[in-house]
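Hi everyone, thanks for coming. Please have the sequence and the model open while I talk, and stop me whenever you like.

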Amino acid sequence: MTLRAVVKGVGHYLPERIVPNSEFEKLLDTSDEWIRTRSGIERRHFAAEGQTTSDLGYEAARNALENAGMQPDDIDGIVVATSTPDLTFPSVATMLQHKLGMTRGFGFDVQAVCAGFVYALTNANALILSGQCKTVLVIGAETFSRIMDWEDRGTCVLFGDGAGALVLQAEVGNGNTDDRGILSADLNSDGKYRDMLYVDGGVSSTGTSGKLRMQGNALFRQAVEKLTSTAHASLSKIGLTDDSVDWIVPHQANIRIIQGTAKKLGVPMDRVIVTVQDHGNTSAASIPLALSVGVERGQIKQGDLLVTEAIGGGLAWGSVVLRW
């Protein structure tokens, strides 16, 4: 018998303010057609003034707990993936622990930018397999609108705010790929690509939060190659191939990256969960958001085999294979 980290609930939250592409036409030399053609994005959500990452994460966490039929004190640990925390410290996870009224356990943050949720999911899986936790709340939450340069038309139109959450719980499986839960993972990073995607400020360098900078074309080329290779690596660890996959749930950065990766994996687009048109790039929140929306739409069903994959600043990239 084998211990597995099984998804028991999922939820998401998006801020009320919806920002269509047309809103940028008033501010920048751009157009709805230009943004759609290059990214697939039609709209995104921005957090309200005073609304923080922990606020978004709290709503997503509540929805995931409700979906799982659980209460906050059923949770042993919280792992939050974010690059836009409320404060330098304490962690968003401990803030959420308090906001949820959770009187036990622990929480910590993981920072791997857009790959953050894959890293957080892998950490949560390890906590369960080690026996440290029975039940873990895993959250991706971002307010990237706070770090945009509104004069950089190549980047500011791409990002949005939001949060998604999963509840993982220990469950005994048979030790084969028919088990529900996380089956394998693959994590990677390479700091030589730092300048492709970064924020030009920080506590120990400038004392400011800084603004996001990105080399879009160079990042695109790295993304398709690395996302394909990490997905293959996760599948090969458990002896599966692309044909076994029911759904790819990718990081929602750009429709061309999603399409390019799916093509290299040999998976048709009707087996890919796509939400980028409605949310933009929500960084670490994009995969849990897409998972929650996929369940809400009736696409993802219990027993389906999923591959999630993401790449972000660092560069950091990785993938997880799980059976829903």
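I'll begin with the whole protein and then visit some helices, loops and single residues.

A word on the source before we start. This is a predicted model, in which local features need pLDDT of at least 70, side-chain atom pairs count only at pLDDT 80 or more, and totals for chains, interfaces and linings use all residues. Residues are numbered from 1 along each chain as its sequence is written, and side-chain values use heavy atoms, with hydrogens and water left out.

Now, the overall picture. The protein has nine helices and 13 strands; these are DSSP runs numbered from the N terminus, with helices (H or I) of at least four residues and strands (E) of at least two. Its radius of gyration is 18 Å, close to the 20 Å from the globule rule for 324 residues, so the protein is as compact as a globular protein of that length. That radius is taken over C-alpha atoms, and the rule is 2.2 Å times the number of residues to the power 0.38. If you turn the C-alpha trace along its principal axes, it spans about 60 × 45 × 40 Å.

How much of the protein is buried? Buried residues make up 58% of the 324. By buried I mean under 20% relative accessible area; exposed is over 50%, and partly exposed is in between, with a 1.4 Å probe and protein chains only. Contacts, meaning heavy atoms within 4.5 Å, tell us about the chain too: of those with a separation of 6 or more, 75% are between residues 24 or more positions apart. The protein exposes about 13,200 Å², and carbon and sulfur atoms supply 47% of that. Such areas come from the Shrake-Rupley method with a 1.4 Å probe, and for residues only the protein chains shown count as cover.

Let's look at helix H5, residues 116–129. Eleven of its 14 residues are buried, so H5 is largely enclosed by the rest of the structure. Among them are Phe117, Tyr119 and Leu127. The end C-alpha atoms of H5 are 20 Å apart, which agrees with the 20 Å expected at 1.5 Å a residue; that expected span is 1.5 Å times one less than the number of residues. After H5 comes Gly131, with a positive phi near 90 degrees.

Is Leu129, in H5, buried or partly exposed? Leu129 is partly exposed, at 45% relative accessible area. Together with Met1, Leu3 and Val172, Leu129 forms a nonpolar surface patch with about 430 Å² of accessible area. Patches are made of residues with over 30% relative accessible area and no salt bridge, joining like charges within 9 Å and nonpolar side chains (Val, Leu, Ile, Met, Phe, Trp, Tyr) within 5 Å. A salt bridge here is a side-chain nitrogen of Lys or Arg within 4 Å of a carboxyl oxygen of Asp or Glu.

Helix H9, residues 286–296, is largely enclosed as well, because nine of its eleven residues are buried. Ser286 and Ile287 are among those buried residues, and His251 touches both. His251 sits in the loop between strand E11 (247–250) and helix H7 (255–265), and it is buried at 6% relative accessible area. Further along the list of residues that His251 touches are Cys114, Glu309 and Ser283.

Which brings us to backbone geometry. Most residues other than glycine have a negative phi, and most peptide bonds are trans. Ser283 has a positive phi of about 55 degrees although it is not a glycine. You'll find Ser283 in the loop between helix H8 (276–279) and H9, buried at 0% relative accessible area. Val113 also has a positive phi, near 55 degrees; it lies in the loop between strand E5 (106–110) and H5 and is buried at 15%.

Where are the cis peptide bonds I'd like to show you? One runs from Phe89 to Pro90, with omega near 5 degrees, and Pro90 is in the loop between strand E4 (77–81) and helix H4 (92–99). Another runs from Gly314 to Leu315, with omega near -10 degrees.

Leu315 leads to my last stop, since Leu219 touches Leu315 along with Met196, Leu197 and Met214. Leu219 lies in helix H6, residues 216–237, and is buried at 11%.

That's my tour; I'm happy to take questions.

Conventions:
Lists of a residue's contacts leave out its neighbours within four places in sequence.
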